[in-house]
Each structure stands twice: as structure tokens, then as C-alpha cells.
Amino acid sequence: HSPYDQNKTMSHLVDTCSFDKTISKAIVKCDENLELYFEKIKGMPSYNNTIFIVTGDHNIGDLKLKNPLETFHVPLIIYSPQLQKTDDFYSVVTHRDVTPSLYSLLEENYNLSISESVTYVGGQLNVSEKFETINKTSLCLYHESRFPNLIHDDFFLMGNEVYKIKDSLLDCSRVINDSLRRELINKRIEYQKQDQVGLDRGLYP
């Protein structure tokens, strides 16, 4: 995020990046700091019983992005020292899915009692190994947008423009369909109302 950290990095990876060197240095520096963080925390008693989640809120705005949806294409890394193997999942998920997924993990494995009334509006993380957008509805907030953006199944509403999501979040194209646009705008309005109800009533403990 600008202004980018200009501190010296020793990594040779900067020279392999194909985009702006200032941004490249910041990305590599971030990776180095994450490595340093994990090296230090390994010595803490809580390390082996901790689930680590690393993500971001939006892509780097100063990069030339392939399409508007790529703004929200960010990594979601879930790590625990107790994991037996690594894996990659390609389905569409959002930050809203992290909390209910962790709650379900604790409920199933550690008998955590969950209230019937909760404040989160997400669902379970989809761990499909193929790209999917099935049953996914979520608002994507970004400070430069007048309206929240909406993902609904395999469509993306940005402002008043509709995009069809194809084989990945990096592959989408604009769709001209007034009835579909109105339908998605109405869904966005309803979703905003849900969010506002949560804000007005406050958070559950």
C-alpha cells in the first residue's frame, strides 16, 4: 500500500519482478517480515495451538490490473503447525467465510457451543480444488467506489456495470443485460440492509 516501504531488502527476488521496482521492493519486504514474524513466534508456547490467517483487503491499486474484479483478488493463507499437508483451493471465498468456518471447526472438534444468533453473514469456506463461484454472494467494499460491489454466483456488479466471471477471478468480461443488472442492484440493496441491521443493533458478545 502506498506510500511504499523503501527500506533496503536483501532479496534477489526484486530483480525477477516484471512491474515497478518500488512496488516490488515493498512486496518482497512484506514477505521477509512475515518470515521473520514466524521465525520469532515459533518460540512461543502458544505457537503449536494457533491457527494463522494471512490475507489482504484488496489488490495493489498502482498495478495494471486485468479487470475490475482483480482489485479483490487477494491471497487467503491458513496455516497451523498441526497441519499434516499443504493444499491449494481455487473456489471463490471471502473474508466473511473465515469466522463461520473457524467456529464450525471448534464446534466439531472441541465441542464449542455456538449461539443460534450470530453476527456473521458468511458461509463455509469452499475447499474445492477447481474454480467455483457456486452460492456465493458477498459485498466487496473499496474506498474509491460510490457503491459497494457485489459478487453473486458467477456475476460481479461494480457500480452499475455487470461482469461475467469465467474460469477465474482474472477472467471476466462485461455483460450488457438490463434485467440482470436491475436484479443484481436489488440484491445489493438487500444485502446492504442486512449489513446495516447488524450495525444498528450492535454486536453479540
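Visitor: What makes you say that the charged end of Lys 164 sits over the ring of Phe 155?

Guide: Happy to start there, with the reminder that this is a predicted model. The charged end of Lys 164 lies 4.9 Å from the centre of the Phe 155 ring. A charge counts as over a ring when its NZ atom is within 6 Å of the centre and within 35 degrees of the ring normal, so this pair qualifies. The two residues are also joined through the backbone, as Lys 164 in β6 is the bridge partner of Phe 155.

Visitor: How do you know that β5 and β6 pair?

Guide: By counting bridges. Two strands need at least two bridges to be called a pair, and β5 (residues 155-158) and β6 (residues 161-168) have four, so they pass. Their pairing is antiparallel. On to β7: it pairs with β6 over five bridges, again in the antiparallel sense, and Ile 165 has Cys 172 of β7 as its bridge partner. A hairpin with two residues in it connects β6 to β7.

Visitor: Why is the sheet of β3, β4, β5, β6 and β7 called open?

Guide: Look at the ends of the order β3-β4-β5-β6-β7. β3 (137-140) and β7 (171-175) are the edge strands, and each of them pairs on one side only. From one strand to the next, the twist averages 25°. In the protein as a whole there are three helices and seven strands, running α-β-β-α-β-β-β-β-β-α from the N terminus.

Visitor: Which residues make up the largest nonpolar core?

Guide: There are 10 of them: Leu 69, Phe 72, Val 92, Cys 140, Ile 151, Phe 156, Tyr 163, Ile 165, Leu 169 and Cys 172. Phe 156 has contacts with several fellow members, among them Leu 69, Phe 72, Ile 151, Tyr 163 and Ile 165. Phe 156 also touches Pro 68, Asn 149 and Glu 161, to name some others. A second, separate core has eight residues, including Leu 139, Val 162, Leu 180 and Leu 184. Overall, 26% of the 205 residues count as buried.

Visitor: What makes the pair of Phe 38 and Tyr 79 edge-to-face or stacked?

Guide: Two values decide. The ring centres are 5.9 Å apart, and rings pair if their centres lie within 6.5 Å, so the two rings are a pair. The planes stand at 85°, and anything over 60 counts as edge-to-face, so that is the name. Phe 38 belongs to helix α1 (residues 21-41) and Tyr 79 to strand β2 (residues 76-79), which puts them 41 residues apart in the chain. It is one of eight aromatic pairs in the whole structure.

Visitor: Why are Phe 38 and Tyr 79 put in the burial classes they have?

Guide: Buried means under 20% relative accessible area, so Phe 38, with 18%, is buried. Tyr 79 has 32%, which falls between that limit and 50%, so Tyr 79 is partly exposed.

Visitor: How do you know that the pair of Tyr 47 and Phe 52 is tilted?

Guide: Their centres are 5.8 Å apart and the angle between the planes is 45°. Stacked needs under 30 degrees and edge-to-face over 60, so 45° leaves tilted. Tyr 47 is buried at 7% relative accessibility, and Phe 52 is buried at 7% as well. Ring pairs link Tyr 37, Phe 38, Tyr 47, Phe 52 and Tyr 79 into a cluster.

Visitor: What makes the phi of Asn 111 worth a remark?

Guide: Most residues other than glycine have a negative phi. Asn 111 has a positive one, near 55°. Asn 111 sits in the loop between α2 (98-110) and β3, and with 68% relative accessibility it is over the 50% limit, so it counts as exposed. Asp 153 has a positive phi too, about 50°. Asp 153 is in the loop between β4 (149-152) and β5, and its 27% relative accessible area makes it partly exposed.

Visitor: Where is Tyr 120 found, and which residues does it touch?

Guide: Tyr 120 is in the loop between α2 and β3. Leaving out residues up to four places away in sequence, Tyr 120 touches Thr 99, Pro 100, Tyr 103 and Ile 114. Tyr 120 is partly exposed, at 25%.

How values were computed: Residues are numbered from 1 along each chain as its sequence is written. This is a predicted model: local features need pLDDT of at least 70, side-chain atom pairs count only at pLDDT 80 or more; totals for chains, interfaces and linings use all residues. Side-chain values use heavy atoms; hydrogens and water are left out. Axes are lines fitted to C-alpha atoms, for helices over the stretch in contact, and angles run from 0 to 180 degrees between N-to-C directions. A nonpolar core is a set of buried Ala, Val, Leu, Ile, Met, Phe, Trp, Tyr and Cys residues joined through side-chain atoms within 4.5 Å. Buried means under 20% relative accessible area, exposed over 50%, partly exposed in between (1.4 Å probe, protein chains only). Contact means heavy atoms within 4.5 Å. Rings of Phe, Tyr and Trp (its six-membered ring) pair if their centres lie within 6.5 Å; planes under 30 degrees apart count as stacked, over 60 as edge-to-face and the rest as tilted.
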